[in-house]
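Thanks for coming, everyone. Let me put the structure on the screen, and then we'll walk through one helix and a few salt bridges.

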Amino acid sequence: MNSAAFPRQFARTRRFSLGVPRQFTVSPDGSRVLFVRTGSGTDPVGRLWQYEGGKEQLLADPALLVGNGSGEVPEEERLRRERARERSVGVVSYATDDAARLVAFALSGALWAVRTDGGAPFSVPAAGPVVDPRPSPDGRHVAYVSRRCLHVVDLAGADRQLARAEGPEVSYGLAEHVAAESMHRMRGYWWAPDSRHLLVARVDTGPVERRYTADPADPTKPPRAVPYPAAGTPNAEVTVQLRSLEGGRIDVQWDRKAYEYLVAAGWDAQGPCLTVQSRDQRILRTLTVDPATGATEVLHERTDPAWVEIVHGTPARTASGALVLPEDDGDTRYLTVGGRRVTPRGLQLGEVLGVEGEQVLFTASEDPLETHVWRHEPGRGNRRLSRGPGRFTGVARGGTVVLAGVTPRGAEARVLREPAAGTGTDQDAPYQVIRSLAEEPSVTPRPRHLTLGERQLRGALFLPSWHEEGTGKLPVLLDPYGGPGMQLVGRAREWFTCVSQWFAEQGFAVLVVDGRGTPNRGPAWEKTIHGDQLTPALEDQIEALRAAAARCGDLDLARVAIRGWSFGGFLAAGAVLHHPEVFHAAVAGAPPTDMRLYDTHWKERFLGHPDEQPENYARCSLIGHGHLLSRPLLLVHGLADDNVAAAHTLRFSAELLAAGKPHSVLPLPGATHLPADDAVNEQLLFFQRDFLREALKRRTEED
């Protein structure tokens, strides 16, 4: 291993994401696959590719086009990329018509298109700057958003402004903050199958509180106003309209006072539909929409005394109209089709990837360490399509399945042509590989997977490659996320497993644990954190630490540190505040220290409304508990973070200072929630290592 080279490699490869093929689209006949991939493991410029007959064809290279994607992008597009955690430039996303023959994409605010059956990319005259262009199903038009207005242009350049923003607080066709950040709805308009109508979200951020993000490193720059609905404050007003290319408009009607969240929308052969959710998130309704009047009817309703979990890709409908939905019951999240459970107990539904005819493609976990792609088909039941250990997703059409995922060997993308019914099994079918150009990490993760404590917590222990067990004690570093929505423990070589191994090579025994609230262990496991996001998470880390030490005698419980980012940073800071007898130092990156400062949909899901359940916010916030600090603590925060505002760290630091509690603060000028600067990301690893080494050295000297 070359651990000395790792931090620089980690930074310049953008966490090993560059060069990995992604965003796959399969043509209706299954013969062609479109995807995006950068030019190498260090090249950040995305290019559009087509895979056909075992060969790759470059469809669009920004370096050869006017406006190559390296310039300024519209503010709406910048926010969309930030919410999607996009780390490349150039062609970063695209959309196609139904035949996958016309592809549209944006470069530096300009609209481009290319035909997959030959010819060079061509620019399409548009009002610009262009955000989120999407061709109509018939390929005759392209819709896009520009300056918060929705436009439709035909390929000859005739542009129509379909929906005009009535003021600076209004937008058409864009997702508001909580939709993109907390519901994972990244879009705001949907074409009808007839290519003559669209379902369009209108967002009015007028009622939403403003935050002002400035760059302290450049006081000449004016602050940027960001509408951010903090817990307990008003959300944006989201309505939906039916728009026609001829200029017609019909308002969609539902009880928006009772159901203010637009979770999902779409328009299939059965017509348009919406998914809406109550503010307390205990009721989620699927509504059908009458395209002639805008009236809605309740097609299905899900309820839960804690919250209704949003499952991406649902609701969906098969060709016959059967509704595809999740159903939570005790310790299992089931897939249902037409009101009937089609998956067994213990197989945890992840998301629905797509519906073709009566077939449903979905992800699910039998084991929380793996996520696989499955297909349900009436008469044939459920079949697992992905092979070997790892975490997979996929897309399918016309008898072809693309399985993309991360395995113990790294990122992989396989193209599987399914055999006809009765001629064999999926496991017998040969597959082809779409190349990944990602760099091989200079550090190879060597996790020892453990099941720990009474709760059967899933953990991974990383020891230095040079360490011989039984020859000496190692300081311990806990490296968790530990909260809802994300798992770090799995049978896959992810970027974070490489980072954990790097810290191990620096002389730590690194322990990573997924506690209560993390995905793929069922709804009962997820909802044990309802009302308290901190106490169970800390209890699980402590239980796992002690159990791991009982299994491996080289873990020195007299020298224990913890590090994390975002929720992990919150957990790290909370650990040294509330359990200094266990944790002796912490690095907290971008920690949400005051639960009231985080957004409505995410935080009220777990803690309720702060005016109704203030005790939950007081219990979980670090603010108000600064006087408890007695261990070394490093706080790191990007000063341009518009997700977890820098105010979280600055206010907490002020409280610590007022209480006479020494601590360290590392501000990152210009950095958002995930710093993008390569030099910052490289040096940040060294900075954390040195801080933790020194803190635990002082701990040893004190003893």
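What do the buried residues of α6 pack against? Before the reply, the ground rules. This is a predicted model, where local features need pLDDT of at least 70, side-chain atom pairs count only at pLDDT 80 or more, and totals for chains, interfaces and linings use all residues. Residues are numbered from 1 along each chain as its sequence is written, and side-chain values use heavy atoms, with hydrogens and water left out.

Now the reply. The buried residues of α6 pack against five strands, β37 (447-452), β38 (457-462), β39, β40 (509-514) and β41 (555-565), and against helix α7 (567-578). Contact here means heavy atoms within 4.5 Å. Helices (H or I, at least four residues) and strands (E, at least two) are DSSP runs, numbered from the N terminus.

Which residues of α6 are buried? They are Pro 536, Ala 537, Leu 538, Asp 540, Gln 541, Ile 542, Glu 543, Ala 544, Leu 545, Ala 548 and Ala 549. Buried means under 20% relative accessible area, exposed over 50%, partly exposed in between (1.4 Å probe, protein chains only).

Next, the length of α6. It covers residues 535-551, 17 residues, and at 1.5 Å a residue it should span 24 Å. The expected span is 1.5 Å times one less than the number of residues. The end C-alpha atoms of α6 are 25 Å apart, which agrees.

On to salt bridges. The structure holds 45 of them. The cut-off: a side-chain nitrogen of Lys or Arg within 4 Å of a carboxyl oxygen of Asp or Glu.

Take Arg 210 and Glu 169. Their closest N and O atoms are 2.0 Å apart. Arg 210 sits in strand β17 (residues 210-213), Glu 169 in the loop between β13 (159-163) and β14 (170-172), and the two are 41 residues apart. Arg 210 is partly exposed, at 26% relative accessibility. Glu 169 is partly exposed too, at 32%.

Second pair: Glu 301 and Arg 285, with 2.6 Å between the closest N and O atoms. Glu 301 lies in strand β24 and Arg 285 in strand β23, so the bridge ties together parts 16 residues apart in sequence.

Third pair: Arg 491 and Glu 370, at 3.1 Å, N to O. This one links distant parts of the chain, 121 residues apart, and both partners lie in loops. Arg 491 is partly exposed, at 29%, whereas Glu 370 is buried, at 14%.

Last, a network. Salt bridges with shared partners join Asp 304, Asp 328, Arg 333, Glu 526 and Lys 527.
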